[in-house]
Every structure is written in C-alpha cells, then in structure tokens.
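Visitor: May I ask for a close look at one sheet and its surroundings, with the criteria behind each term? Please then continue to the aromatic rings and the backbone geometry.

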Amino acid sequence: MKGNNLSKRTLLAATIATIMAAPAMASHSLQAPELALLVEAGKLPPLEQRLPTNPLVVTPHEALGQYGGSLDLVGMWGDNGHRMRILGNNNLFSFNMEYTDVVPSLATHFEANADATEYTIYLRQGLKWSNGSDFTADDIVYYVNDVLGDPNHAGNRPMNLPQPDSAVVTVINPHTVKFTLKEPNGLFIRQLAGVDGSNFTSFSREYCSQYQPQFNDGADKQATDAGFSSWREYYEVQCPAHYFTGYYANPDRPTMAPWVVETPPSANAPFAEYVRNPYFWQVDTAGNQLPYLDSVRWSFSENKEEMLLRAVAGKTDFQARHVSNAQNRPIIFGNAEKSGYEVMLRPETRMNSLVIGLNQNSKDPVKREIFAEKDFRVALSHGIDRWDISETIFAGSVEPYQAAPLDSSPFFSEEMANQYLEFDQAKANKLLDDMGLDKRDADGYRLMENGERLRIEALSTTLVEPETRDSLEMVKKHWKEIGIFLDIRIVDRSLQLSMKFANDYDMVPWYGDGGVGIIDEARWYFPFSPESTYALGWYNWSATPDAASAVEPPAHVKRQIELYKTLRVTPDLKKQNELMQEIIDIAQEQFYAIGTVAKLPATVIVNKQLQNVPSDIPESYNLMTPAPMRMGQLWKQQ
C-alpha cells in the first residue's frame, strides 16, 4: 500500500546505510578505555559481541567525541520527567530532532497492512540488555501479552493500548514481532516514538517475569519475604513503567539506556549517579561505541529556587529543567560569563504563552450562546494589546501570535497565525454592540440579555508559569476597557480539574500546546482531548455520544471529528497530513481559541566544555527533549 511503502522506504533507507557500513565498523570499533581493560581482564565480552550487527549510527552534531567525564545536572530527587529526558528515548522508533518525522531506533523498519490493524516490526539483530542478556522479540511479546494483557495489571498502561485486549503480539523470529491491534490505528508507529513508547522496550522478560506467579511458583513467597502484601505490589516496585522512580532506582533491572543506575535516587540521598552501559547499541560515524561520557550525575535540590542558584553558579552542565522561564532570564544571562556557561535558546513546540478558550459548552445557557458567537471571540481578540504584554512581561522579545501552528510545522498558515491580532478597541466595541451587548452597568461593564453583568471567570492555577498568569492579568486590564469583566480565580490543580470535568467553568487559561507535532497534540484546533477546554462537551460526544456530559457539536465540528477518526486509521503518512490540513483549515475559519503572544524559547544553560549540543531541537514533552539528539554523543572538552 502507498502509505505503508512510504513509511517503510523512509525508515529502510537509513537502515540499509547502517547495515552497509556495519562490516567496516565492526573491525575498527572503539570503546571506552575502562571497558577495554575489562575485556582484557576477561570480565567483559569483546565489543563486537556486545554491539548489534547493525548498530544505530549517530552523526555527531559537531565532532567526534572523547571518552571520559560526567554530565553533571541539578534536579529534584523525585523528578522522573527529568531522568526520562536524559536517559530515555530508547524506543523502537524515535522522532527526529525537528519533530517532523519518525526514524529508526531499536527497530529498523516496519510494515503495516492496509487497514492499520497489523504492524510487523523489525529489530536490530544482536541487541543486548545492560546486563548482557539478549534483547529479542520475546521481551516485547512479554510486555504486551503478559504484562498489559493481564486484566488485573495494576501499573501504567500506554495510551495506544488502553485495554488488556487492545493488542496481541506474536514472535516471527528473534528479531521480528507482529502487533495485531483490536482497533485500527494509523498513528501506532508515531505513538511508539513518543513518551509512552519507551515502556515497550523497558521490560526484560528474563528479569521482570521472576516476580510473576505464572512464571515463578515462588513469586508470592518472594514478595512476602520482601515485606510486600502481594506479588503485584512487589512487581510494581521492581518493574514499574518509566514514569515512576522505581524504574530509575533499581540497579538490578536491565535497561537499554546509555547509562545505568549505580547510586539510586532517594529522598535522603544528596545525588544519584548513572554509569556507562557497556552493551549500549549506538555508535558514532567512526564506529566508536557510545556514550562518550562515563556517567550522568544529578545533585538534588530541595526546591526550584535552590536549583536556579546552583545552576547559575555553574553547578550544572546542561539545564533547562525547572530554570527556564522569563523571570529567571536576567540572573541566567547575568551569571554566564562568571560561571563558565553559555545560554542557548531552544525553540518551543508550544505556540503561545497563553491561550484563551471560552467554554462554548457552558452550562449557563446565556453564556453558552455568547461564547459560541465567533464575533464575540474576534472582539475579545481585538481587545487585547499584545505588544503591551510583550513589552511588560517579556521585554519585547516575543511577538503577537494566535493559537495557530508554528512556521516550523507543515501546517503553518501565516493568515491563521496573524488573524484578529490588531489591537483595535473601536472594532471590538462595535462587534460587541452589534451583538446586543450594548448596555453597561455603573462600572462600565457590559450586561447580558438577562440583565446580569457579563463576567468571565478564568479558572487558573499556580501550576502555570508566572509569565502566563501575569499575561492573564494584563488581558483583564485590556478587556476592562471594552467593558468585559475578567474575574481571575487561582485554585490548585486538583480543584481546577474537578471543576473542569463538572463543566463548572467559563475558561481554563493554558499554554499553546500544539505548535509542532500537531497530529499528536491538536487540543486547540478541534475537540481532540479533555484538554480542549473550549469544547469539552463536544469532545465527550466524540468519545461517548450518549454520555450525560456529551454535547452534540455543530456540523463543522462533526466534520473535524470524522476527519481525525479517518486519520487515526490511515497508515499512509501523506494522507494523514492531508486530513490534518483540512482539520486546521476548519479551525482557522471557526477561530475557536484566542492566542496572545508567542511562547518564549526555552532557556538552556550549557557548560562551555560540553560539546555536540544542538540549539534548535524543539522543547516538547512528547519529544522527550533533549533525548532525540541522542544523549550518548555528548562529550566534554578537557
């Protein structure tokens, strides 16, 4: 089929190049000096027995590296998201650094059937876990069939396989597996490249199965002896998903990561350290086994404020986590020369610092009618002085931008990015007056047809960055000038979520997720997920039409939902993009959500000794930034 061939052709080209280069590399491959000493001492197999026959070849960003040194970071002991971004991305497939395509990783290529229910995935041959045992198709079969396939599994389930019977995997041979999906999924390979995809290559059958009674008759006693009430409880400590601390704290559990745990993270430890994996499956273009660096070491702070102070004092080699925001920029730039680091600005995949999505499914019938009027949203957009926000909060460093794809996305539209951006109070007032909102109270605020003040409650939270909350305060000031009362309520995240799902809100201000990687994150362009807060009822209808919380959407929204359902079952990448483009075209016309200013690029502290650091990799959770740069290529110039 056309889409399948395109996918296979793209991935297979890189695979063929790697395989053709492999024989030349095998006889000249180099390794870290301490590993060579272990080989000489008979304590480690020769390198050619530790590498796959077709290792992943990583082209260094700047230059071939030197072995030695440590990547020193600052962090919070329980921050698994930070560890995931440094040690993770050892998936079957990965996104490229631009977040525009899927590329080979532990797998070399795939084949899909026409209805996107069967995927045959080809692994690199000769892969090894960090303990030297073979990584094979059996490990993937084990994770899907024996872990996720257990109806009583208490741990994490990836979003692409949400139910025990979502998929069955069979072994074709030791390096080939076949996924048979219960429901068609044309995005399955993309999902294997994302955050959830890391778990498909994290469960060693040999290691994890020893804690399950179907593989070990003594599993229950083993758990009791270890002080646990059940084998399931013990299993989730020994073999959790990569979202949880136990994944990064168990030195006995094999991994495919470039570094393996030596000093585990804990609440009472001042640091955690991970040392080189001697069986790591990547090499540079000269055949040198990666990683170059001996170890990764996290020094733990009690809070983000202390992290920032340690970072600007030069105690970190590579840091954006928990230090990158507008208010920290002066101190970060101000200490660069003294502390021996440079500051890189990493582009964001979020397209906006603050997006305003009015609840068009409001349970208040008067507000629901007002919020659903496109002219009302256009009027509010013209009522925002975005350059005032930029100058006041961001020192003029960001530009006005709508809730629209970024120019690095294939779905970018200059017209969409710039529509209704002009600060024009006269135009805003006329649009509002023409809607019949021409009566005001004694304070100058507009009245609804029922005589009540038109009050829009923004349900915000301290979880968002300070500049996002500050931007919202400025919007409140601007809207007052056109007679709109914005009432900002700050609540904790749990209350915000409970009020959202009870449909007890006017708006939930948030960032502009979905500037790049839009097929994976389209919340602001149609009712894509529960995060599409301008139309949660429409999303509920798309998921469960007869649910009490469902609201039947208008025809153009139904069209978008249908387009995305078709996209999800289409493995043809070109066709996926065509379908997504039509969804975006409708979003541009309907103007569901109001953007403010572009997201400030992420501020990254980089030790001047650290080499091979690209500055243009987008900042994204699903991308696991900076993992797609292949962290093993980092090295320190001594």
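Guide: Strand β2 and strand β12 (residues 295–300) are paired in the parallel sense, over six bridges. Strands here are DSSP runs of E with at least two residues, helices are runs of H or I with at least four, and both are numbered from the N terminus; two strands pair if DSSP finds at least two bridges between them. The model is a predicted one, in which local features need pLDDT of at least 70 and side-chain atom pairs count only at pLDDT 80 or more, while totals for chains, interfaces and linings use all residues. Residues are numbered from 1 along each chain as its sequence is written, and side-chain values use heavy atoms, with hydrogens and water left out.

The parallel pair belongs to an open sheet of four strands, ordered β2-β12-β10-β9, with mixed pairing. Its edges are β2 (70–75) and β9 (259–263); each has a single partner strand, so one side of each is left without a neighbour in the sheet. On average, neighbouring strands are turned by 25 degrees against each other, direction ignored. Such angles are taken between axes, which are lines fitted to C-alpha atoms (for helices over the stretch in contact), and they run from 0 to 180 degrees between N-to-C directions. Within the parallel pair, Leu73 has Trp298 of β12 as its bridge partner.

Two helices pack on this sheet. Helix α4 (residues 80–87) touches β2, β9, β10 (271–276) and β12, and its direction makes about 165 degrees with that of β12; contact here means heavy atoms within 4.5 Å. Helix α11 (residues 304–312) touches β2 and β12, with its direction at about 145 degrees to that of β2.

Strand β12 also contributes to a contact between a charge and a ring: Arg297 lies over the face of Phe271, 3.6 Å from the ring centre. The criterion is that NZ of Lys or CZ of Arg be within 6 Å of the ring centre and within 35 degrees of the ring normal. In a second case, the charged end of Arg253 sits over the ring of Phe203, 4.7 Å from its centre.

Phe203 is also a member of an aromatic cluster, together with Phe93, Phe110, Tyr119, Tyr143, Phe179, Phe188 and Phe200. Rings of Phe, Tyr and Trp (its six-membered ring) pair if their centres lie within 6.5 Å; planes under 30 degrees apart count as stacked, over 60 as edge-to-face and the rest as tilted. The count by this rule is 27 aromatic pairs. One of them, Phe95 with Tyr99, is edge-to-face, at 4.8 Å centre to centre and 65 degrees between the planes. Phe95 is buried at 3% relative accessible area, and Tyr99 is buried at 5%, where buried means under 20%, exposed over 50% and partly exposed in between (1.4 Å probe, protein chains only). A stacked example is Trp524 with Tyr534, at 6.5 Å centre to centre and 25 degrees between the planes. Both lie in the loop between α20 (493–501) and α21 (536–543), so this pair ties together parts that are ten residues apart in sequence; Trp524 and Tyr534 are each buried.

The backbone has some less usual geometry. Most residues other than glycine have a negative phi, and most peptide bonds are trans. Tyr99, not a glycine, nevertheless has a positive phi of about 60 degrees; this residue is placed in the loop between β3 (93–95) and β4 (102–104). Phe591 likewise has a positive phi, of about 55 degrees, and is located in the loop between α23 (573–590) and β18 (594–595). Phe591 is buried, at 2% relative accessibility. A cis peptide bond joins Leu290 and Pro291, with omega about 5 degrees, and Pro291 lies in the loop between β11 (282–284) and β12, which returns us to the sheet strand. A cis peptide bond also joins Thr625 and Pro626, with omega about 10 degrees; Pro626 is in the loop between β20 (610–611) and β21 (635–636).

For a final environment, consider Thr461 in strand β16 (residues 455–461). Thr461 counts as buried, at 1% relative accessibility. Leaving aside neighbours within four places in sequence, its contacts are Arg469, Ile490, Val491, Asp492, Arg493, Gln496 and Trp510.
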